[in-house]
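Please walk through the following structure step by step, moving between single residues, the elements that hold them and the chain as a whole.

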Amino acid sequence: MKTQTSSLELSHFPVMLSEIIKISNPAKGGFFIDCTFGGGSYSKALLKFSKTEVISFDRDSAVIPIGKKLEQKFKKRFKFYNLKFSQINTVLAKEADAIIFDLGMSSIQLNNLQRGFSFKSKDKLDMSMGLTDISAEEVINKFSETELKLIIKIFGEEKEASKIARNIVESRKIEKITRVNELVKIIEKSKKKIFTKKINPSTKTFQALRIFVNKEISELLNGIINATKILKPGGKILIISFHSIEDKIVKYFFSNFSKNKSRPSRYLPDTKIDKSFLFEKYNKKIIKPSQKEIDINKSSRSAKLRFAIRSKNQFNFPSELFQKFAKYINLEAIHD
Ligand SMILES: C[S@@+](CC[C@H](N)C(=O)[O-])C[C@H]1O[C@@H](n2cnc3c(N)ncnc32)[C@H](O)[C@@H]1O
């Protein structure tokens, strides 16, 4: 059946698609989970292999029509869920051959100025990717100066967080801040030497608000743990991250719960080796987009792909991961 490609689908460039397909290895068939459906590029590429079965998740209701259309085309082999990927283990009891995460927002979300993710927007301060309890407008207008400073400093890694938070509070005393361009003006006024830097002065504050509104760190931690639970022995978990907090978490999880970490010495007798590692020997090498891909799609330049292979060991909850990143989890829960 031939189906038309919608403008939503066309507005999205998949990142490292060939690398994702090569590592997932769908040629022999199997069960694949695309945790971040977006424009559906990975799911569609996996479905091109006739023996595959694919399910997808996305929290954004805007992509439901793309998911439904693909369900129509591949009735027996594809299912879309408008759910957060932290809920991955709630929909089925089947073990997966590969589980893929392409983190962050899609260009579909960024390019829709009404969603408030873009600095170019003059629309309301929303920044929700879907299924959230709070908007950026509520954060900006209701949170204390100290809370705003912490969010901008920790999630945005923004050195001038104090000044930005102070100016937000000063400004909202005069009038409620409701539009993206109003916030952009406050940030620009707060930052030093903004015009000498390559990166937009609002980048870090916007990243911070987006992470907070969407509880991205709790989602990532719960998502990767629940994915590991339902991965087949020998199955692969692949994660593309775009900022340093995400990559730090992924790297820590893969390296600290893998065989190379758990085995203290290769001279130890086999009986003494820790059998609780979740992943086989982990290759720390990061995979990055080729220069050719970056030339076509500039926003792919900060993408980092890491993957790990599930061991045969029984699943043990990696609670150490939550302890290690408690600073982020507690900050996301500041108003819960
Ligand atoms: C970078 S895009 C993925 C693009 C997709 N790989 C493609 O090539 O078309 C990320 C998508 O993941 C979704 N997303 C982000 N966090 C999520 C979460 N916790 N649960 C479910 N979906 C999420 C976003 O709504 C967005 O559509």
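Is Glu71 buried or exposed? In this predicted model, Glu71 has a relative accessible area of 13%, and because buried means under 20% relative accessible area, Glu71 counts as buried. The residue belongs to helix H4, which covers residues 64–73, and, leaving aside residues up to four places away in sequence, Glu71 touches Phe78, Lys79 and Phe80.

These contacts lead to strand E3, residues 78–81, where the side chains alternate. Phe78 and Phe80 point to one face and are buried, while Lys79 and Tyr81 point to the other face and are not buried. Strand E3 pairs in the parallel sense with strand E2 (residues 52–57), over four bridges, and within this pairing Lys79 of E3 is the bridge partner of Ile55.

Helix H2, residues 17–24, offers another view of the interior, since its buried residues are Glu19, Ile20, Ile21, Ile23 and Ser24. The partners against which the buried residues of H2 pack include strands E1 (30–34), E4 (96–102), E5 (231–241) and E6 (304–309), and helices H3 (41–47) and H14 (291–296) are also among them.

After H2 comes Asn25, which is placed in the loop between H2 and E1. Most residues other than glycine have a negative phi, whereas Asn25, although it is not a glycine, has a positive phi of about 55°. With a relative accessible area of 37%, Asn25 is partly exposed. A further positive value in a residue other than glycine is found at Glu157, where phi is near 50°; Glu157 sits in the loop between helix H7 (145–156) and H8, and its relative accessible area of 36% makes it partly exposed.

The helix that follows this loop in the description, H8, spans residues 161–174 and contains Ser162, which at 33% relative accessibility counts as partly exposed. Ser162 and Ser190 are 28 residues apart along the chain, and their C-alpha atoms are separated by 9.2 Å. How accessible, by contrast, is Thr205? At 0% relative accessibility, Thr205 counts as buried; this residue lies in helix H10, residues 203–214, and, with residues up to four places away in sequence not counted, it touches Ile152, Glu158, Ile164 and Ile187.

It remains to set these details within the whole chain, which has 16 helices and six strands. The radius of gyration is 21 Å, close to the 20 Å that the globule rule gives for 336 residues, so the chain is as compact as a globular protein of that length. Along its principal axes, the C-alpha trace spans about 65 × 55 × 40 Å. Buried residues make up 51% of the 336 residues, and of the contacts between residues at least 6 apart in sequence, 70% join residues at least 24 apart. The accessible surface comes to about 17100 Å², with 52% of it belonging to carbon and sulfur atoms. As for charge, the chain carries 64 positive and 36 negative side chains, and the centres of these two sets lie 6 Å apart.

How values were computed
Residues numbered from 1 in each chain as written. Predicted model: local features only at pLDDT ≥ 70, side-chain atom pairs only at ≥ 80, totals over all residues. Heavy atoms only, no water. Helix = DSSP H or I, 4+ residues; strand = E, 2+ residues; numbered from the N terminus. Rg over C-alpha atoms; globule rule 2.2 N^0.38 Å. Buried < 20%, exposed > 50% of the residue type's maximum accessible area, 1.4 Å probe, protein only. Contact = heavy atoms within 4.5 Å. Areas by Shrake-Rupley, 256 points an atom, 1.4 Å probe, with all protein chains shown as cover. Lys, Arg positive; Asp, Glu negative; His and termini not counted. Charge placed at Lys NZ, Arg CZ, Asp CG, Glu CD. Pairing = 2+ DSSP bridges.
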